[in-house]
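Biologist: Please take a close look at a single helix, and explain to a first-year student how it is placed among its surroundings.

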Amino acid sequence: MKGKHAKPKIITLSKMSVMVLAGVIATVGVGVGSSVASPTVTKAQAAYGPDTSSNNGWIDYGTIQGSGASFAFVKATQGTGYVNPYYAGATQQLRDRGMAVGHYHFLTRTVSGAAQANYFVNHLQHYRTGDPLAGDYEGTYKNESVMLAFFRQLRARVPNGNLFIYGGRVADLGTISSYGWTVLRSLNVRVWVASWGSVRPTTVGGLAAPIWQYTDAHYVNGKRLDWNYADASAWTGTTTPSSATTSTGTVTNTYHVTTINGYSVRTVQTLLLKRGFSVGSSGVDGIFGNDTKAGALAFQKWVNSQLGYTALTEDGIPGRWTMAFLNKVYQDGWAGSITINRAEALAGVTPDGKITGQRYSTRGYAWHVLAHGYSARAVGSATVRAMQRKLAALGYYHGRIDGLWEGGTSLAMEQYYRHLGIYHGSLDSVAGTQLIKAWQSRLEANHLV
């Protein structure tokens, strides 16, 4: 958080949160890459954990827990029109693992504070009595009167709520007036302070500060996270989750995440199965668990092996590019690298994802394919030559076996596919979307043409 979180409105600029700590809290050190050493404390005194938002993308909290974290704060809402798309799934993961949950709202200066408090409370997920509820007050979004109205309404909505205000010690909290601190004190609000370094502020504005964000550079498996220390008093009075004693071990298919990076988990699972990658014994259940993640990871590795370079991050998390490849392997009307690789493999050609040796690079009738490269000498493609031989043997191609994907090749494919009943377009000798889709359906059935 602090100044670094002054980000565009609808994104999670900084972080303010709520947390519920339950069970035996383990002492955790700062991971590799952290800029500050962990404070020296005992198990009974403190715990460590991240605060997260949509800026961090989807997170496997099992990995976070395995690194020693006992809790995590998750951004819930901002203003009166934004809900973090990862919030519900993240808090469910944390509950499943018996970890403490933190909820926070990012305050904006131009919207009624009372309305923001109502929006926050109305969108809480997996909330338990005693979970600390935090308001993130920072950067250019600060407005003291809005912030005070927010906490007044939050206290009214959650009379026994464990309330916190988050902000940078000097840049944010340091701007609050003495009147503001008096009001916060009367509302029994405590402080979650961002003060990166080795010296912990124990009070700010005369209020106790049991939660301390002391670095924004803690790394878990290469993912950079804000990291926090929280002493025992931060969760005084919180409800202990019944699952707190089962917070270790591998959790399979219990994340209850039905969307991942904005994509339906059912869609992800369906596409993985269609491509021949397992999503576990539960099949298409709409839940993103370890089995689905393993299937996505296997697919990412396969794509990279086919392309011969790392096009996809091998993390098992379906993001924009993984979904693009899942959707575009076949029958999308776009002859991209995966489609060409498949054709090359069926033609007995070493796959490189390109149809080379063509006459033009951007000719309308075949630009899907030709955009991958060409030679002015028009030496032709071994893959296309193999296609032409197949079509000639079937009685549809009557031209030269020259490896050039031009009108004659496209017309032969159109005629053949119309005979098969998989092409219903015009016989126009154009390698358009409909023809490419028909070709892809044949490739998927292990036929070169």
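Modeller: In this predicted model, the part to examine is helix H5, and its surroundings come first. The buried residues of H5 have a cover that includes helix H4 (144-157). Also included in that cover are strand S6 (162-168), strand S7 (190-194), strand S8 (203-204) and strand S9 (207-208).

Helix H5 itself spans residues 178-186, and within it Gly180, Trp181, Val183 and Leu184 are buried. When one looks down the axis of H5, these buried residues fall within an arc of 160 degrees, so they line one face of the helix. A general rule helps in reading such a pattern: an α-helix has 3.6 residues a turn, so residues three or four places apart point the same way. On the face of H5 turned away from the buried side, one finds the exposed residues Ser178, Tyr179 and Ser186. The two faces can thus be told apart by their residues: Trp181 and Leu184 are among the buried ones, whereas Tyr179 and Ser186 are exposed.

The chain beyond the helix also deserves attention. H5 is followed by Asn188, which has a positive phi, near 60 degrees.

Two of the covering strands, S6 (162-168) and S7 (190-194), invite one further remark, on aromatic rings. Tyr166 and Trp192 belong to a cluster, linked by ring pairs, that also contains Phe71, Phe73 and Tyr104. A search of the whole structure finds 17 aromatic pairs.

Definitions and conventions: Residues numbered from 1 in each chain as written. Predicted model: local features only at pLDDT ≥ 70, side-chain atom pairs only at ≥ 80, totals over all residues. Heavy atoms only, no water. Phe/Tyr/Trp six-rings, centres within 6.5 Å; stacked < 30°, edge-to-face > 60°. Buried < 20%, exposed > 50% of the residue type's maximum accessible area, 1.4 Å probe, protein only. Helix = DSSP H or I, 4+ residues; strand = E, 2+ residues; numbered from the N terminus. Arc of directions from axis to C-beta. Contact = heavy atoms within 4.5 Å.
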